[in-house]
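This report describes the spaces in one protein and the surroundings of its ligand. Look over the sequence and the structure before reading on.

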Amino acid sequence: MAALFKDRICAVVAAPTAREMQTQFRHALKFTRTVELRLDYLEGPAKIGRFLRWLGNARPRADMIATCRRLPVGGRFEVDKTNQFLVLHSAWQCGCRWSDVEIESIEDSSWKLYFLGDKRVVISHHNFETTPANLRKELRRLGWFNPHAVKMATYCLNYRDVLRLLSLCKGRRDVIAVPMGEIGLPARVLALKHGSALAYASVGEKTAPGQLTLDEMKNLYRADKLDRRTKVYGVIGNPVAHSLSPQMHNAGFHARRINAVYLPFLVQDLRDFLRAVPPLEIAGFSVTLPWKEIILRHLDECDPLAARIGAVNTVIVRGNGTLYGRNTDYVGVLRALERRVPLAGSRVLILGAGGAARAVAFALAQGGAIVCICARRPEQAQKLARDAGGEFIKRAHVRREFFDAIVNTTPVGMHPRTGESPLAARELNTRLVFDAVYRPQRTKLLQFAERRVIETVSGIEMFIAQGTAQWEIWMGQRAPEKVMRRAVMAALRKEIQG
Ligand code: NAP
């Protein structure tokens, strides 16, 4: 099927002034030759006129989609349908071959004239709250006008919504599926694998919930390279937006020229996600909080070490659809710590008793350390202490004792709540502090330790070690560790600068 647009990634240019629109437009053309111009973001008719005059003179070689969405249907254009029509007509005269008009405007009879001539129209349906039950009926409503393309942009509350929306693309080249919201985010990329004519990405301000930036869409997920054969991997968690696993794994795929993509899946309901694994053709996924222990109940088989730990951070989806679990946090923590602390005979305090804590406790105990567990739920800490052959320690007793190392495995201090620390500076009676939290790299806890001249180890070391081990399990080949580390460090640097 011939493609409708020059490029399948569509950059969304949206700014309040003509000058900013021009800057964004020039930037967009470095990535793609398909650009949506959100004329409704320009503040008033004079600015719209100025930008369109510039466009008319520049006549760029791109598929330009003019959009002037009205206020009642999620846009910013405050005037009526007639003026909307006039703006789109001017845009057409200035070289926009395409326009995107919402169904609510087009159903007005005077708009029928708009389909005369060689104008190309996308008729769109938006729902910023949900994905309606009658999606196919809506699609037929858009198709009634026989436009060149139809766009369904709906808010996805779960993966069932995502699948229903993506299924609209099957066997068609004229459907644009836009899954909105954080659950929809990975599907914005996967939409291209499932046949959507376009995937939108912002250049400046985001114009829809869950929208990705052009840089993420093109350089991180390489969405325009996706095809039916692309293997899909990802990380499941809640929250998941903080994860740097996409940067790390995608860099590895790119370096080894593997046709695969790794995406962040926000999972609020594990069963809902697991039902979507076969239709989304997911071949494997990482597991982060709060699912590392719960996932065990849903696996068909599990590596004996992961079963003993009672937590899984790596799932392999086998050819027949069955799920196999492994734990690479175990090797991750050993690689991060073994050169810094002689484990045998050392006393290590572990804060937290969740999935990461279990892997850390088993790994360190196996290495000969005496593990002491302290968690906000004493019964959970006592259980882990029993399972790993360690000691339970009450929170109030921590400051009285001395440890060779303290390991934080709670999410306290993790982005965005970076001002928090699980312990106060005066409670750090230890030689070394290791924080499993890796974003930010220098957590509050590590800053306290540095201030007291205590050696620190960032969670990044464990993160990279567990991630490369995962990558090797899925790919069956050696991971390009240097490239993957560079990608993670670059993302962290960008965060500090940004
Ligand atoms: P998890 O299974 O949900 O366990 C979290 C543990 O921390 C639980 O014991 C939990 O107690 C406790 N906790 C949560 N919030 C707390 C708070 N405000 N105060 C005190 N305790 C709290 O999560 P996880 O998968 O183990 O992950 C924990 C952290 O480690 C995350 O930040 C994750 O990013 C990080 N991690 C890093 C790496 C790495 O490679 N660097 C690997 C794994 C995990 P309750 O059960 O009472 O909620």
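A pocket is an open set of grid points with protein on both sides within 12 Å along at least five of seven lines, and a lining residue has an atom within 4 Å of a point. Domain bounds come from an automatic or database domain assignment. With these terms, the lining of the second largest pocket draws at least three residues from each of domain 1 (9-228) and domain 2 (237-327 + 465-497). The model is predicted.

**The second largest pocket**

The second largest pocket holds about 870 Å³ of space. Its lining has 30 residues, and Glu-216, Leu-220, Tyr-221, Gln-247 and Lys-494 lie nearest its centre. Two or more lining residues come from each of strand E9 (212-213), helix H8 (214-220), helix H9 (245-255), strand E11 (260-266) and helix H17 (481-497). H17 gives the largest share, 6 residues.

**The cavities**

How many cavities of 30 Å³ or more does the structure hold? There are 2. The largest cavity has about 150 Å³ of space. It is lined by 15 residues, and those closest to its centre are Arg-38, Arg-69, His-126, Lys-151 and Ala-208. Strand E2 (34-38), strand E6 (149-155) and strand E7 (175-180) are the elements that give two or more residues to this lining.

The second largest cavity has about 30 Å³ of space. Its lining consists of Ala-177, Val-178, Pro-179, Arg-188, Leu-198, Ala-199, Tyr-200 and Met-217. At least two of these residues come from E7, and at least two from strand E8 (199-202). E7 supplies the largest share, 3 residues. Strand E7 thus appears in the lining of the largest cavity and in that of the second largest cavity.

**The ligand**

Which residues come nearest to the ligand? Of the 24 residues around the ligand, they are Gly-355, Ala-356, Arg-376, Arg-377 and Ala-436. Two of these residues also have side-chain N or O atoms at a stated distance from a ligand oxygen atom: 2.8 Å for Arg-376 and 2.8 Å for Arg-377. In the side chain of Gln-380, an N or O atom is 3.3 Å from an oxygen atom of the ligand. On its own, the ligand has 920 Å² of accessible area, and the protein covers 83% of it.

Helix H13 (355-366) and helix H16 (459-475) each give at least two residues to the shell around the ligand. The largest share, 4 residues, comes from H16. By domain, the shell draws at least three residues from each of domain 2 (237-327 + 465-497) and domain 3 (330-457). Domain 2 therefore contributes to the ligand shell as well as to the lining of the second largest pocket, where domain bounds come from an automatic or database domain assignment.

**Residue classes**

The table sets out the classes of residue in each lining and in the ligand shell.

| Site | Nonpolar | Polar | Charged |
|---|---|---|---|
| Shell around the ligand | 12 residues | 8 residues | 4 residues |
| Lining of the largest cavity | 6 residues | 4 residues | 5 residues |
| Lining of the second largest cavity | 7 residues | no residues | 1 residue |
| Lining of the second largest pocket | 15 residues | 7 residues | 8 residues |

Which class is absent from the lining of the second largest cavity? That lining has no polar residues.

Note on methods. Residues are numbered from 1 along each chain as its sequence is written. This is a predicted model: local features need pLDDT of at least 70, side-chain atom pairs count only at pLDDT 80 or more; totals for chains, interfaces and linings use all residues. Side-chain values use heavy atoms; hydrogens and water are left out. A residue is near a molecule or strand if one of its heavy atoms lies within 4 Å of it. A polar contact is a pair of N or O atoms within 3.5 Å; within protein, one must be able to donate a hydrogen and the other to accept it, and residues adjacent in sequence count only if both atoms are side-chain atoms. Accessible areas come from the Shrake-Rupley method with a 1.4 Å probe; for residues, only the protein chains shown count as cover. Ala, Val, Leu, Ile, Met, Phe, Trp, Tyr, Cys and Pro count as nonpolar, Asp, Glu, Lys and Arg as charged, and the others, Gly among them, as polar. On a 1 Å grid over the protein atoms alone, a cavity is a set of points where a 1.4 Å probe fits but cannot get out, and a pocket is an open set with protein on both sides within 12 Å along at least five of seven lines; lining residues have an atom within 4 Å of a point. Grid points are joined across faces, edges and corners, and a volume is the space filled by probe spheres set on the points.
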